[in-house]
Amino acid sequence: QVQQNVERLFTRFVEEGKATVRLREPAVDLCLSKANVINLKTFLSAVRLANQGNDTGVLPLSPLVPAKNSDVEKPKTKMIITSRRDYPLTKSFPFSLEHLQTSYCKLARIDSRVLCLKKLRKLDLSHNHIKQLPPTLGDLVCLQELDLHDNHLEAFSGALCSSSLQKSLQFLDLSQNQIQALPIEFCQLRGLVQLRLDDNALLRLPCRIGQLSHLRFLSAARNKLPFLPSDFRKLSLENLDLFGNPFEQPNPLVPNIQLKIPLTLLECAARAAVNHRIPYGCHLLPSHLCKDLEVAKTCRCGSACLSSFIQITVTMNLHHVAHTVVLVDNMGGTEAPILCYFCSLDCYSQFLDRHLQSNG
């Protein structure tokens, strides 16, 4: 189908027997080369007429001769650019690309032309100066690997976590940036298998990190983590690296008490909603309440608590969640502090009794 389907004709090198016909549907570029110049011009005239819906019968088109396999250029699926001078400023990227690397190009932002490459599976933008990620990055529905290490990122957008990347993204490298925290929505990227967060300024990991059930490789070395979130216990990793974080010394005997006695009506309702799995959503509750419910704490007894709780840090051996653990410190340790919550004084007292007995 040609009528109203030609987006653009590229004829700059027609005198060399080269031209490109860009179609709308399917979104492909038809690259013509080694053509007879006269025949090529006639063909392009016919394409223009057909696109406008005019009769092409008046043109003296030569009969088609099947091209040899050696003369047919296959669609380009991979492009690697590793210097600023090689970065294409006037030419577009081939729409057929599945793997694109543009490293060491001093890019301050992601090129909008890259965001149109709907077949991309692997995008490597490492070693640039990118400070912010556009929401339209989530429109790359086939993207499986995203490498952003050694940039100037200070955040990872929650909008990206709610995009098509939820299902497609398997590898994410955010190492060597300036990120202090990841959004609550980050744990919606449930297809992640490998996550690298080394050499940032992370003060905490996402509180619902246990939802990343496919995650097998996690590296967050040389950050500023004082402890791990309680949900960390739910991970099942093959390799874990947390070396070089200033982990605090756990002290279960010094609790952070946030209990409100008696419980507020809001706390009672929130606990009931989570414990009994009562459906809720922004069509039923204000959005801020929905977000609070999504990050509700879980007591050791299994009950939920929202803003009324007792918090402590306890020691966890990281081999409980990972087969291979890079040493946490230079002393050969594989233990780290992890947050622990209690919904009542009774639950905390029971834990304290067992802890004192085991250390008695």
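Buried means under 20% relative accessible area, and exposed means over 50%. The exercises below use these words for a predicted model.

**Exercise 1. The domains**

Task: Find into which domains the protein chain is divided, and what distance separates the centres of domain 2 and domain 3.

Solution. Begin with the bounds: the protein chain is divided into domain 1 (6–52), domain 2 (78–224) and domain 3, which is made of 256–317 + 335–358. Then take the centres over C-alpha atoms, which gives a separation of 33 Å between domain 2 and domain 3.

**Exercise 2. The parallel sheet**

Task: Give the strand order of the open sheet of 9 strands, and name its edge strands.

Solution. Following the pairing from one strand to the next, the order reads 4-5-6-7-8-9-10-11-16, and the pairing is parallel. Strand 4 and strand 16 each pair on one side only, and they are therefore the edge strands of this sheet. Neighbouring strands here are turned against each other by 5° on average, with direction ignored. For one pairing in detail, look at strand 5 and strand 6, which pair in the parallel sense over 3 bridges; here Gln 101 has Asp 124, in strand 6, as its bridge partner.

**Exercise 3. The antiparallel sheet and the helix across it**

Task: Describe the open sheet of 3 strands, and find the helix that lies across strand 15 and strand 17.

Solution. The strand order is 12-15-17, and the pairing is antiparallel. Strand 12 and strand 17 are the edge strands, since each of them pairs on one side only. Strand 12 and strand 15 pair over 2 bridges in the antiparallel sense, and the bridge partner of Asn 256 is Gln 311, in strand 15. Helix 6 is the helix that lies across strand 15 and strand 17, and it runs at about 35° to strand 15.

**Exercise 4. The nonpolar cores**

Task: Determine how many residues the largest nonpolar core has, which elements supply it, and which domains it lies between.

Solution. The largest nonpolar core has 77 residues, and those with the most contacts inside it are Leu 123, Phe 156, Phe 186, Leu 218, Leu 228, Phe 232 and Leu 318. Among the elements that each supply at least two residues of this core are strand 4 (78–81), helix 2 (158–161), strand 11 (237–241) and helix 6 (345–358). The largest share, 6 residues, comes from strand 17. The core lies between domain 2 and domain 3 because both of these domains give residues to it.

Leu 318 can serve as a closer example: leaving aside residues up to four places away in sequence, Leu 318 touches Leu 228, Phe 232, Leu 240, Leu 242, Val 325, Val 328, Thr 334 and Ala 336. A second, separate core has 9 residues, including Val 6, Val 14, Ala 19 and Leu 44.

**Exercise 5. An aromatic pair**

Task: Classify the pair formed by the rings of Phe 309 and Tyr 341, and say whether these residues are buried or exposed.

Solution. The count comes to 5 aromatic pairs. For the rings of Phe 309 and Tyr 341, the centres are 5.4 Å apart and the planes stand at 85°, so the pair is edge-to-face, given that planes over 60 degrees apart count as such. This pair links distant parts of the chain, 32 residues apart, with Phe 309 in the loop between strand 14 (304–305) and strand 15, and Tyr 341 in strand 17. Both Phe 309 and Tyr 341 are buried. Elsewhere, ring pairs link Phe 342, Tyr 348 and Phe 351 into a cluster.

**Exercise 6. Backbone features in loops**

Task: Locate the cis peptide bonds from Glu 25 to Pro 26 and from Ile 261 to Pro 262, and then examine Lys 34 and Lys 106, which have positive phi.

Solution. The bond from Glu 25 to Pro 26 is cis, with omega near 0°, and Pro 26 has its place in the loop between strand 2 (19–23) and strand 3 (29–32). The bond from Ile 261 to Pro 262 is also cis, and Pro 262 is in the loop between strand 12 (256–257) and helix 4 (265–275).

Turning to phi, Lys 34 has a value near 60° and is found in the loop between strand 3 and helix 1 (37–52). Its relative accessible area is 69%, so Lys 34 is exposed. Lys 106 has a positive phi of about 60° although it is not a glycine, and is found in the loop between strand 5 (99–102) and strand 6 (122–124). With a relative accessible area of 58%, Lys 106 is exposed.

How values were computed:
Residues numbered from 1 in each chain as written. Predicted model: local features only at pLDDT ≥ 70, side-chain atom pairs only at ≥ 80, totals over all residues. Heavy atoms only, no water. Helix = DSSP H or I, 4+ residues; strand = E, 2+ residues; numbered from the N terminus. Buried < 20%, exposed > 50% of the residue type's maximum accessible area, 1.4 Å probe, protein only. Core = buried A, V, L, I, M, F, W, Y, C linked by side-chain atoms within 4.5 Å. Domains from an automatic or database assignment. Contact = heavy atoms within 4.5 Å. Axes fitted to C-alpha atoms, helices over the stretch in contact; angles between N-to-C directions. Phe/Tyr/Trp six-rings, centres within 6.5 Å; stacked < 30°, edge-to-face > 60°.
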